[in-house]
2 protein chains.
Amino acid sequence: MTRKVTIRDVARRAGVSVGTASRVINGSGNVAAELRQSVERTIIEIGFQPNSAAQSIRSGTSRTIGLLVSDIRTLRLAHLVRGAQTELERAGYGVFIACHENDREREAQALQFLSRRRIDGLIHSNCNDRETEGDATAPGMAVPTVVYDRDGPEHADLVQIAHDAGIRQAVEYLAGLGHRRIGLITGPGFMYPARSRIEGLRAALSDAGLPFEPRNVSATSFGEAFVDVSNMITRPDRPSAIILGGASMLGGALRAIRAQRLEIPRDLSLVAAGDSELAQLATPAITVVRWDMEEIGRACATALLSRIKTPDAPRRRLLVDPELVVRGSCAALAANLRAAAAE
Amino acid sequence: MTRKVTIRDVARRAGVSVGTASRVINGSGNVAAELRQSVERTIIEIGFQPNSAAQSIRSGTSRTIGLLVSDIRTLRLAHLVRGAQTELERAGYGVFIACHENDREREAQALQFLSRRRIDGLIHSNCNDRETEGDATAPGMAVPTVVYDRDGPEHADLVQIAHDAGIRQAVEYLAGLGHRRIGLITGPGFMYPARSRIEGLRAALSDAGLPFEPRNVSATSFGEAFVDVSNMITRPDRPSAIILGGASMLGGALRAIRAQRLEIPRDLSLVAAGDSELAQLATPAITVVRWDMEEIGRACATALLSRIKTPDAPRRRLLVDPELVVRGSCAALAANLRAAAAE
DNA sequence: TTGTACGCGTTATCAA
DNA sequence: TTGATAACGCGTACAA
């Protein structure tokens, strides 16, 4: 176990003062060329590494960003994280990743943990954006914050997906195929995405001259896709097309559809909001509304970096427009009816 | 921007010395009940959070673990990370995640970065375990280290998958189905998994009384699965069964097989080493040799924690046995031949 | 241009 | 049991 090597060791060995050594290390102030070289050589020789904790305590900045999401095992969040990470590391920041797993308590703990680490900024995807009062009182929340795809607290910058616009694209596409009863199954209403999607559905249906039917909308808890889809597709007046809000629902939805012996797209058209490996690999491949999580991660990072640079700038909101990717899970309604009648 | 609140603020406001405040905060030493309560109340009132950088600089320990893998966008690595993270957080450690993306330079940079942060331990999955001499000289490598699924440097503890045993299970299963020409396609030989798999194949074939044919083994770079599989299955004496080493190869392999208009399992049996969503969802579902990445992440964490506790304990090696999960991608050879003849 | 010395927030030692 | 104070490693104001 070698004892740690400090800037004093460098100074002593190079025959200079710690001040000079520090100036060489940070490139601040002028240092004679010969001394500089001597110090630089010494640093390499004895393998000196500045202690970032000491730097942090001295400078009041930790060069660390906190990144708090539900779970990096979710592929799209892993992509978000990587996008943010590359951008932040490029700027010299380290990234502390924490997962709240949609548990308010865990989230609070993580926030407190990050606060003790004196993070310089936070990228946060809350697990509940309707009750952020807890966070407001939470210590360390005055830190520059970018909230991803949630309605964050007052002081935070926002990076959000325009889910309403995505739903609109899906509805226009489906309406163009002749569908008149379009269902939406999405997550719980205490998070921005679900609210935005429902709003988008309402507007898009109205524009298409179609009625908004509350029974064709299901906004409940996660992981219940099987149940929600089953309920919706077993009704006699079931929708002929369903929009699935949330990529994590696709598995359950497909199982439900299969269990009812419905065939996609013959008996039911399906659009998923959010791309996934499953959507690409399913047969038929699922038509989706998608956005690039890695790019969004980078966007969160740059937003945060500029917020850190100019803390008093007005609050910003970045809205990312999704893109419709047509694959094989939707059929024109006429064909749909024909096939159904032929059975 | 509220000024940071320090332990001195707590002490002053509670009317005690910083020493007493510190003792209350850390639960070290005895403090009179009334003083303790007063301090505790004050801490909550003014929202004091110990500055972990200062704690670190004082105690010489950062309560931080570095976790260096190729890429958390790989689902199984995300699982490993979460497993390790939960275990380490439970023990009061924060986890600094870095990705080297199989680039030696990035890896060195990450190592240096983590070293400056004075991590107390490292969980590392090297991108090349045949040239670790660079790491040895790298500063900060004296830190307690657990290497995952690589042949790490001398001082590191090892957590490895028994890939050889996994291949053996696959070979025994395939041989039992009548297969005599069994191919193996795996990653580059400068990493432990490929070496272990080839070794396992050799031993298992020998035990089954089958010849080891070098041309039925392909150990090249990643991401070339399509090419490697194509080459192997277009040969006139192609194997009747292929073992795929590395879950990331499955996509390319399936495309290659499809491109040759071979049908699984009729024309070709397939076993994948490493489970994946794709393996479960493909039709037919792919028979795999699998292991639980989250459990392994936890194992890495506990190994590291005990290493930190007892730095001088002898080097340990944990070998995890894979498990064969039979699904639908393998057929008895007889049926295979019959079908082929009927074409 | 260089060196000295102080302070960052904390813990630990030592006297009281 | 409590308080005063030294140290941890570093950056920087100030003096030389």
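**Two DNA strands, a phenylalanine cluster and a buried histidine**

Visitor: Which residues come closest to DNA strand C?

Guide: This is a predicted model. In it, 27 residues surround DNA strand C, and the closest are Thr20(A), Ala32(A), Arg58(A), Ile7(B) and Arg58(B). Of the strand C atoms that come within 4 Å of the protein, 64% are sugar and phosphate.

Visitor: What makes a residue count as near the strand?

Guide: One of its heavy atoms must lie within 4 Å of the strand. By class, the surface near DNA strand C has 11 nonpolar, 11 polar and 5 charged residues.

Visitor: Which helices each supply at least two residues of that surface?

Guide: Chain A gives helix 2 (18-26) and helix 4 (52-59). Chain B gives helix 1 (7-14), helix 2 (18-26) and helix 4 (52-59).

Visitor: What makes the approach of Arg23(A) to DNA strand C a polar contact?

Guide: The cut-off is 3.5 Å between N or O atoms. A side-chain N or O atom of Arg23(A) is 2.9 Å from a base nitrogen of DNA strand C, so the pair qualifies. Arg58(B) also reaches a base: a polar side-chain atom lies 2.2 Å from a base oxygen of DNA strand C. That value is within 3.5 Å, so the Arg58(B) pair qualifies too. Gln55(B) addresses the backbone instead, with a polar side-chain atom 3.0 Å from a phosphate oxygen of DNA strand C.

Visitor: Which residues come nearest to DNA strand D?

Guide: There are 26 residues around DNA strand D, and Ile7(A), Arg58(A), Thr20(B), Ala32(B) and Leu35(B) come nearest. Sugar or phosphate makes up 59% of the strand D atoms within 4 Å of the protein; bases make up the rest. The surface near DNA strand D has 11 nonpolar, 10 polar and 5 charged residues.

Visitor: How do you know that Thr20(B) makes a polar contact with DNA strand D?

Guide: An N or O atom in its side chain is 2.6 Å from a phosphate oxygen of DNA strand D, and the limit is 3.5 Å, so Thr20(B) passes. Gln55(A) has a polar side-chain atom 3.0 Å from a phosphate oxygen of DNA strand D. For Ser22(A), the distance to a phosphate oxygen of that strand is 3.3 Å. Both values lie within 3.5 Å, so both pairs count.

Visitor: How many aromatic pairs are there over all chains?

Guide: A search of the whole structure finds 3.

Visitor: Why is the pair of Phe96(A) and Phe113(A) called edge-to-face?

Guide: The ring planes stand at 70°, and edge-to-face begins over 60, so the name fits. The centres are 5.7 Å apart, within the 6.5 Å that pairing needs. Phe96(A) lies in strand 2 (residues 94-99) of chain A and Phe113(A) in helix 6 (residues 104-116), so the pair ties together parts 17 residues apart in sequence.

Visitor: Is Phe96(A) buried or exposed?

Guide: Buried: its relative accessible area is 3%, and the limit is under 20%. Phe113(A) has 24%, so it counts as partly exposed.

Visitor: What makes the pair of Phe96(A) and Phe96(B) tilted?

Guide: Their planes are 55° apart. That is neither under 30 nor over 60 degrees, so the pair is tilted. The centres lie 4.7 Å from each other. This pair crosses between chains, from strand 2 of chain A to strand 2 (residues 94-99) of chain B. Ring pairs link Phe96(A), Phe113(A), Phe96(B) and Phe113(B) into a cluster.

Visitor: How do you know that Val10(B), Ala11(B) and Ala14(B) are on the same side of helix 1 of chain B?

Guide: These three residues are buried. They cover an arc of only 95° around the axis, which puts them on the same side of the helix. The face turned away from the buried side carries the exposed residues Arg8(B), Arg12(B) and Arg13(B).

Visitor: Why is Ser248(B) called exposed?

Guide: Its relative accessibility is 52%, and exposed means over 50%, so Ser248(B) qualifies. Ser248(B) is in the loop between strand 8 (241-245) and helix 11 (250-259) of chain B.

Visitor: Why is His163(A) called buried?

Guide: Its relative accessible area is 3%, under the 20% limit, so the term applies. His163(A) is in helix 8 (residues 163-176) of chain A. A polar contact of 2.8 Å joins its side chain to that of Asp149(A).

Notes: Residues numbered from 1 in each chain as written. Chains lettered and ligands numbered in written order. Predicted model: local features only at pLDDT ≥ 70, side-chain atom pairs only at ≥ 80, totals over all residues. Heavy atoms only, no water. Polar contact = N/O pair within 3.5 Å; in protein donor to acceptor, adjacent residues only side chain to side chain. Helix = DSSP H or I, 4+ residues; strand = E, 2+ residues; numbered from the N terminus. Nonpolar A, V, L, I, M, F, W, Y, C, P; charged D, E, K, R; others polar. Phe/Tyr/Trp six-rings, centres within 6.5 Å; stacked < 30°, edge-to-face > 60°. Buried < 20%, exposed > 50% of the residue type's maximum accessible area, 1.4 Å probe, protein only. Arc of directions from axis to C-beta.
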